[in-house]
Amino acid sequence: MSTSAQPAPGRIVSSTPLARYRLADNPGPMSLDGTKSYVLAAEPGGPCVIVDPGPADEEHLAGLAAAGKVELVLITHRHPDHTEGAERFHELTGAPVRAADPAFCFSGSPLQDGETISAGGVEIQVLATPGHTSDSVCFFLPADGPSGSVLTGDTILGRGTTVLDYPDGTLQDFMASLEKLGRLGPATVLPAHGPDLENLESVVLTYRDHRDERLAQIRGVLSLMGDDATVEQVANAVYADVPASVRAAAELSVAAQLEYLRVRG
């Protein structure tokens with residue numbers, strides 16, 4: 001997995017033959033270096049699709065609008081660092097905005113699992129991948145390089161692991177989404193946070209192994225504390241070393257894992 005540093009915000013950077021991105025200036029514990037807004041186009045400067053316009057930052061949105069004639073805006077999921085600027089970007093460009101959740105659509109219809117979109121000279125396949133949130137989707141570009149590429153939003157990150165926004169996001173859904181993504185093979189991973197990754201199939205295996213290790217740890221804690229141990233108690237044992245800035249996220253993940261284990265008996 002790649003660990004290369006991300007460019008400074010403000011430049012449009014090439015990732016793959018069909019995908020470029022602009023990094024929003026919103027770094028943080030959960031957004032890592034910042035949110036990557038992708039520009040998909042068959043030709044740089046030509047008609048394009050924007051994926052996740054990002055925060056309501058006028059400079060960032062203007063930079064995206066200048067990348068080419070925007071035909072369509074797509075949203076990977078509802079979190080504000082991906083959607084806050086969507087309505088304003090629609091006003092700037094006139095391009096319809098489509099998301100799985102109708103609340104984030106502007107002059108566009110909700111995304112449907114399995115549909116194929118053609119815009120900006122690019123073929124884009126929509127994959128429903130709930131788990132991080134219930135409305136999370138990924139976008140597969142089959143013609144983007146020898147094995148294609150997948151824009152994964154926050155379902156797969158460039159480094160670290162994904163937080164499950166429980167109870168909206170569940171581990172049951174997330175594991176099923178990983179299996180679905182793994183079937184795409186060695187596609188390039190284009191995440192919304194962190195560096196690009198080379199092999200989706202390999203990344204999925206790493207994510208599954210990590211989840212299995214965490215579940216084993218939690219089973220061990222429950223064997224000592226009892227099955228009625230609280231989220232806080234389990235988090236203290238399993239995530240004792242996490243910084244305070246991500247403690248709430250760790251507790252969400254514990255809650256999702258406890259629910260997963262209890263549902264499965």
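Here are a few notes on the sheet, the helices on it and the main pocket of this predicted model.

1. Start with the sheet. There are six strands in an open arrangement, running S1-S2-S3-S4-S5-S6, and the pairing is mixed. The edges are strand S1 (12–14) and strand S6 (97–98), each of which pairs on one side only.

2. The S6 end is worth a look on screen. Strand S5 (residues 70–74) pairs with S6 in the parallel sense, over two bridges. Across that pair, Val73 stands opposite Val97 in S6. Helix H3 (residues 86–93) packs on the sheet here, touching S4, S5 and S6. The direction of H3 makes about 170° with that of S5.

3. Now helix H1 (residues 58–65). H1 lies across S1, strand S2 (19–23), strand S3 (36–40), strand S4 (48–51) and S5. Relative to S2, H1 runs at about 160°. Both S4 and S5 are thus on the list for H1 and are touched by H3.

4. On to the pocket. The largest one has a volume of about 650 Å³. Its lining counts 28 residues, and those closest to the centre are Met30, Thr161, Val163, Val246 and Ala249.

5. Which elements give two or more residues to the lining of the largest pocket? They are helix H5 (200–225) and helix H7 (247–263). H7 gives the most, with five residues.

6. As for the chemistry of that lining, the split by class is twelve nonpolar, ten polar and six charged residues.

Terms used. Residues are numbered from 1 along each chain as its sequence is written. This is a predicted model: local features need pLDDT of at least 70, side-chain atom pairs count only at pLDDT 80 or more; totals for chains, interfaces and linings use all residues. Side-chain values use heavy atoms; hydrogens and water are left out. On a 1 Å grid over the protein atoms alone, a cavity is a set of points where a 1.4 Å probe fits but cannot get out, and a pocket is an open set with protein on both sides within 12 Å along at least five of seven lines; lining residues have an atom within 4 Å of a point. Grid points are joined across faces, edges and corners, and a volume is the space filled by probe spheres set on the points. Helices (H or I, at least four residues) and strands (E, at least two) are DSSP runs, numbered from the N terminus. Ala, Val, Leu, Ile, Met, Phe, Trp, Tyr, Cys and Pro count as nonpolar, Asp, Glu, Lys and Arg as charged, and the others, Gly among them, as polar. Two strands pair if DSSP finds at least two bridges between them. Contact means heavy atoms within 4.5 Å. Axes are lines fitted to C-alpha atoms, for helices over the stretch in contact, and angles run from 0 to 180 degrees between N-to-C directions.
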